[in-house]
Amino acid sequence: CQRRLPIFQFLAPTLRQAKKIAWDKVKFYVNNAHENGLEAIKISESGTKVVFTHRGSANPSTLEFGGWEEPETLRGPYTDGMAIDETADLKPGVWGKILAPRLADRKGWMVNSGTVKGIDQFFDFYRKGVAGPEKDPFWGSLYFPESATHGKIPWLDDVALATLRSGMTEIEWRQEMELDWNASSGNVLIPLDVIVEAAKRHVREEDLLNCANVAGVDVARYGDDESTIVRRRGPAAYQKKTYKKVSGTFLAGQLLAMHREEPLDAVFVDGTGGYGASVVDALRQLRAPFTVFEVMFNEKATDFAHYYNKRSEMWDLMRQWLARNGSIYQDEQMIRDLASSGYEYDNGRLKLEDK
């Protein structure tokens with residue numbers, strides 16, 4: 001590193017864990033690195049860091065070890081690069097308030113690794129680097145489930161894998177070896193792979209000519225919540241439109257403008273809690289040229305024998321649509337939301353978990 005006084009960090013959930021993973025290995029390698037030009041190496045056991053310079057240089061580099069059990073100890077002026085292990089365990093706020101500012105000072109790099117543990121911050125990091133319309137240009141992602149690397153890792157031959165599997169539950173295998181984001185929640189209604197496939201699926205415009213053109217509306221409840229409109233034509237759902245702090249009349253106007261561009265057959269408004277009533281009333285007062293449905297999620301399901309309420313029924317029908325031929329826009333927040341809803345059974349009827 002050509003920068004002045006570069007600093008690098010290796011972080012894990014606890015300092016003890018970080019030392020257990022790599023401290024002895026680092027000491028072994030730096031103590032045997034003189035042949036590569038390293039000199040003036042100082043190993044600080046108390047500070048859990050290594051300071052070294054390269055031959056002919058007066059610019060020492062520092063490699064620090066740390067844990068985020070006490071986040072305030074990680075604050076500092078800058079970091080040129082950091083490796084974070086078991087990122088799924090990273091406490092909320094540590095990345096945005098402490099680590100990101102340290103990297104920003106000198107445009108440093110970061111590598112995250114770890115075992116997946118559900119739809120969490122690590123999932124968000126991973127999705128930032130996945131190719132697609134919302135890929136963050138500063139992020140990249142690598143993903144190595146056992147099924148994709150089978151036979152390619154010498155120390156994980158069939159005997160070793162069989163031994164591992166014999167000592168794991170199915171959920172543990174999916175989480176540890178298949179990197180299944182849904183594995184930690186066995187009751188997730190819509191599997192992530194179904195959602196991702198739907199986001200990749202392309203539908204030809206000519207296949208939509210005879211399909212109904214409809215829109216769904218979710219009206220903001222309070223604060224920073226957003227009102228959302230999504231249009232769907234047959235198997236194709238299009239990019240959502242979001243609005244902050246707007247009136248029901250404004251949303252009605254947006255729907256009428258959408259209708260002028262491509263005639264709508266129907267509009268479905270979430271009326272649960274009364275938040276959508278203003279949109280419904282405005283559309284009816286403006287004599288909207290399409291059918292308006294006010295949907296109450298807590299109402300009785302059409303198929304009452306199998307579903308606890310209307311919301312549970314609609315979500316399960318959406319799951320079937322996504323698995324069959326649904327095509328959605330690759331919106332990262334929507335992918336996260338779709339993959340996060342669990343379910344249970346209440347007297348034999350499917351019941352979606354509360355928000």
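How many positive and negative side chains does the protein chain have, and how far apart do the centres of the two sets lie? There are 46 positive and 51 negative side chains, with 4 Å between the two centres. Keep in mind throughout that this is a predicted model.

**View 1. The whole chain, before we zoom in.** Eleven helices and 14 strands make up the secondary structure listed for the protein chain. Its radius of gyration is 26 Å, well over the 20 Å that the globule rule gives for 355 residues, so the chain is more spread out than a compact globule. Along the principal axes, the C-alpha atoms fill a box of roughly 80 × 50 × 40 Å. Buried residues account for 41% of the 355 residues. The accessible surface comes to about 20300 Å², and carbon and sulfur atoms hold 52% of that surface. If we take contacts between residues at least 6 apart in sequence, 61% join residues at least 24 apart.

**View 2. The largest nonpolar core.** This core has 29 residues, and those touching the most other members are W181, I190, L192, I195, L322 and I328. Two or more residues come from each of α3 (121-128), α7 (192-200), α10 (310-324), α11 (332-338) and β14 (349-352). Helix α7 gives the largest share, six residues. Elsewhere, a second, separate core of 20 residues includes V217, Y243, L264 and A288.

**View 3. Helix α7 and its packing partners.** Here we look along the residues of α7 that are buried: L192, V194, I195, V196, A198 and A199. The partners for the buried residues of this helix are α3, α10 and α11.

**View 4. The surroundings of L192.** Which residues does L192 contact, leaving aside its neighbours within four places in sequence? They are F123, W181, N182, I335 and A339. L192 is itself buried in α7, and it ranks among the core members that touch the most others.

**View 5. I335, seen from helix α11.** I335 lies in α11 and is buried, with a relative accessible area of 0%. Not counting residues up to four places away in sequence, I335 touches F123, R127, L192, I195, A199 and Q330. For a sense of distance across the fold, compare I335 with A198 of α7: the two are 137 residues apart along the chain, yet their C-alpha atoms are separated by 9.9 Å. F123 makes a good landmark for moving between the last two views, as it appears in the contacts of L192 and also in those of I335.

Conventions
Residues numbered from 1 in each chain as written. Predicted model: local features only at pLDDT ≥ 70, side-chain atom pairs only at ≥ 80, totals over all residues. Heavy atoms only, no water. Helix = DSSP H or I, 4+ residues; strand = E, 2+ residues; numbered from the N terminus. Rg over C-alpha atoms; globule rule 2.2 N^0.38 Å. Buried < 20%, exposed > 50% of the residue type's maximum accessible area, 1.4 Å probe, protein only. Contact = heavy atoms within 4.5 Å. Areas by Shrake-Rupley, 256 points an atom, 1.4 Å probe, with all protein chains shown as cover. Lys, Arg positive; Asp, Glu negative; His and termini not counted. Charge placed at Lys NZ, Arg CZ, Asp CG, Glu CD. Core = buried A, V, L, I, M, F, W, Y, C linked by side-chain atoms within 4.5 Å.
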